[in-house]
Amino acid sequence: MTQHADSPPADASSPARERGEPSTGAPSTGAPGVGRLVGLDLARGLAVFGMYAVHVGPAPSQGGVIGFLMELAQGRSSALFAVLAGFAVALITGRRTPKTGLAGRQAVAKVVIRAVILLALGTALTMTGTPVVPILAFYGLFFLLVLPLYRLGAGPLALIAAGWALVGPQLLYLLKPVVGDRAFPTFGQADGIVSLLFTGGYPALTWVPFVLAGMAVARLDLAATAVRIRLALTGVALAVTGYGGSWLALHLLPGAAEAVREAAGGPGMSSMSSMSSAPPGSAGIFGDTPAGMLVASPHSEATLSIVGNTGVAILVLTACLAAMDAFPRLRRLAKPVIAVGSMSLTAYVYHIVAIWLLDTEAQSIPPLYILLGFIASVTVLATIWSRFFQRGPLEWLMGRATGIARRIR
C-alpha cells in the first residue's frame, strides 16, 4: 500500500458541545437550521471517511469506481477539514458576531489552549512513526495564525484568504531553496517550526487560506436560502476556476504540460497523473519547475489547487447544511455519520493509533476490507457512545482543558 497522508478533524473538539449548546450549532436564534447546524457534523463525518480512504484505502491507480472514489478523497478531505477548522474558530469566538470584552478574551484563550493541545498531540502522533502525516500539529499552528483576524467579517476574511492563496504558494516556491527541499521529515520525527510553516505535509504558508475561508463562511447567515445558493454557486465557480484553469494552463501554455510530466518522473512519481494522489511532502511538489505552479493536484500547494479544493469544500459543506434542514428523514438516516462527525478528534486519533498498532501496511488483507473495517468500527463506536454521552472522550477532555479560560476576569 502506498504511503498516504491527509488530515484530521475539522473542529477538533466541537466547540458548540463545549459550550453546552446542541452538538454542532451556534446559539439558537430561532431561525431554522441555525440553532443546530447538524450539517456541520455530517460534513465532518464524511471528511473522516474520506480521510480513512486516503490513509488505509486502495490506491486510486487501481481504476474503476473504487479508484475514482479514492481519487476524490485525495487532498479534498484535508481541505474540507481545514475549512471546517475555520468554522470552528468562528464558533468559539462568536459565529455571526465576534465576541468582545471579557467574552472575547475568554474565547481567545480557548482557541490558544486548543492550539497548544493540538500541537502537543500532533507531535505525539507524528512520533509513532505511522505511514501517515498527522495534521494535528499543523492544525494548532493554523488556529494561532488566524486568531488575530477573528473580529473580521465575511468580506474581509474572504479577501485575505484570496490574497493569501495568491501570494502564499509563490512565496513558498521562492523560499524552497532557502528552507530546503519540500520533503517531509522521516516518519516518526516531530515537526519543527520550519516544517509547520514551510516544508511539512501541510505548510501553513499554503493551508491557512482554507481556514480563513471557513471563518468567512461561518460569518454568513447560513439559514437563508439565498445565502446558501450563493455559497453553492461560489463553490462551483471556485472549483471550475481551480481545476479548469489548471487544465487550460497546462494545455495552452507551450511546454508547460511536458515540463510537469518530466518532473513527475522524479522520485516517487512515474507519471504526471501520479501527482494527483501523491502524499504531502512528495519530492514532486511544484514539479521542481515553475510549470508545477499550474498543477491543481490535491497536494501541489499551488494557487489553483487551493482555489479548486476550497470550492469543493464549500460545496460539500453547503450541501450538508441544506440537506439536513430540508430532509428530516435523511437526517435520521445519517445519524451514524453525524455521530462520527460530532467526535471527529476522537475518530482521527483512533485511526492513527489503529494504524500504528495493526501495522496496516504489513497486513495481507486487501486495503478495501481494511478501509471498510475502519469505517464500520468507528461508526458503531461513535453511534453507541453518542447514545450515552453528549461529547466524544477526547472532545470532553478538550472541553475540560479549555474550560480554564473561564477563569479569566
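Where is Thr130 found? I looked this up first, keeping in mind that the model is predicted.

**Entry 1: Thr130**

I find Thr130 in the loop between helix H5 (101–126) and helix H6 (136–146). I then asked whether Thr130 is buried or exposed. Its relative accessible area is 3%, so I put Thr130 down as buried. I also checked a partner from elsewhere in the chain, Trp356. Thr130 and Trp356 are 226 residues apart along the chain, and their C-alpha atoms are separated by 5.5 Å.

**Entry 2: two glycines in loops**

Next I went to Gly200, which sits in the loop between helix H8 (193–199) and helix H9 (204–218). Is Gly200 buried or exposed? Gly200 counts as buried because its relative accessibility is 0%. I paired Gly200 with Phe138 and got 8.6 Å from C-alpha to C-alpha, with their positions 62 residues apart in sequence.

Then I turned to Gly192, in the loop between helix H7 (154–179) and H8. Gly192 comes out at 34% relative accessibility and therefore counts as partly exposed. For Gly192 and Ala137 I noted 55 residues apart in sequence and 9.6 Å apart in space, C-alpha to C-alpha.

**Entry 3: rings**

How many aromatic pairs does the structure hold? I wrote down six aromatic pairs. One of them is Trp207 with Phe210, a tilted pair at 4.9 Å centre to centre with 55° between the planes. I wanted the angle because a pair of aromatic rings is described by the distance of the centres and the angle of the planes. To call the pair tilted I needed the cut-offs: under 30 degrees would be stacked and over 60 edge-to-face, so a value between them is tilted.

Trp207 and Phe210 are three residues apart in helix H9, so about one helical turn separates them. Both Trp207 and Phe210 are buried. Which residues do ring pairs link into a cluster? I have Phe138, Tyr202, Trp207 and Phe210 on that list. Phe138 is a name I had already met, as the residue 8.6 Å from Gly200, C-alpha to C-alpha.

**Entry 4: salt bridges**

I moved on to charges, since side chains of opposite charge can pair when their charged atoms come close. The count comes to four salt bridges.

I took Asp41 and Arg44 to begin with; their side chains meet in a salt bridge at 2.3 Å, N to O. Asp41 and Arg44 both lie in helix H2 (residues 38–56), three residues apart, about one turn of the helix. I checked burial too, and both Asp41 and Arg44 are buried.

Arg228 and Asp325 also meet through their side chains in a salt bridge, at 2.8 Å, N to O. This pair links distant parts of the chain: Arg228 is in helix H10 (residues 225–252) and Asp325 in helix H12 (residues 303–326), 97 residues apart. Arg228 counts as buried because its relative accessibility is 11%. Why does Asp325 count as partly exposed? Its relative accessibility is 29%, and partly exposed is the class for that value.

Asp325 has another entry on my page: its side chain meets that of Arg331 in a salt bridge at 3.8 Å, N to O. Arg331 is at 30% relative accessibility, so I list Arg331 as partly exposed. Put together, Arg228, Asp325 and Arg331 are linked in a network of salt bridges.

**Entry 5: surface patches**

Which residues form a positive surface patch? I noted Arg329, Arg332, Lys335 and Arg387. I followed up on Arg332, which lies in helix H13 (residues 328–333). Arg332 has 51% relative accessibility, so Arg332 counts as exposed. The cut-off matters here, because exposed means over 50%.

I also looked up a nonpolar surface patch of about 400 Å², made by Val65, Phe68, Leu69 and Leu72. From this patch I picked Leu72, found in helix H3 (residues 64–73). Leu72 counts as partly exposed because its relative accessibility is 40%.

Methods. Residues are numbered from 1 along each chain as its sequence is written. This is a predicted model: local features need pLDDT of at least 70, side-chain atom pairs count only at pLDDT 80 or more; totals for chains, interfaces and linings use all residues. Side-chain values use heavy atoms; hydrogens and water are left out. Patches are made of residues with over 30% relative accessible area and no salt bridge: like charges are joined within 9 Å, nonpolar side chains (Val, Leu, Ile, Met, Phe, Trp, Tyr) within 5 Å. Accessible areas come from the Shrake-Rupley method with a 1.4 Å probe; for residues, only the protein chains shown count as cover. Lys and Arg count as positive and Asp and Glu as negative; His and the chain ends are not counted. The place of a charge is taken as NZ of Lys, CZ of Arg, CG of Asp or CD of Glu. Helices (H or I, at least four residues) and strands (E, at least two) are DSSP runs, numbered from the N terminus. Buried means under 20% relative accessible area, exposed over 50%, partly exposed in between (1.4 Å probe, protein chains only). Rings of Phe, Tyr and Trp (its six-membered ring) pair if their centres lie within 6.5 Å; planes under 30 degrees apart count as stacked, over 60 as edge-to-face and the rest as tilted.
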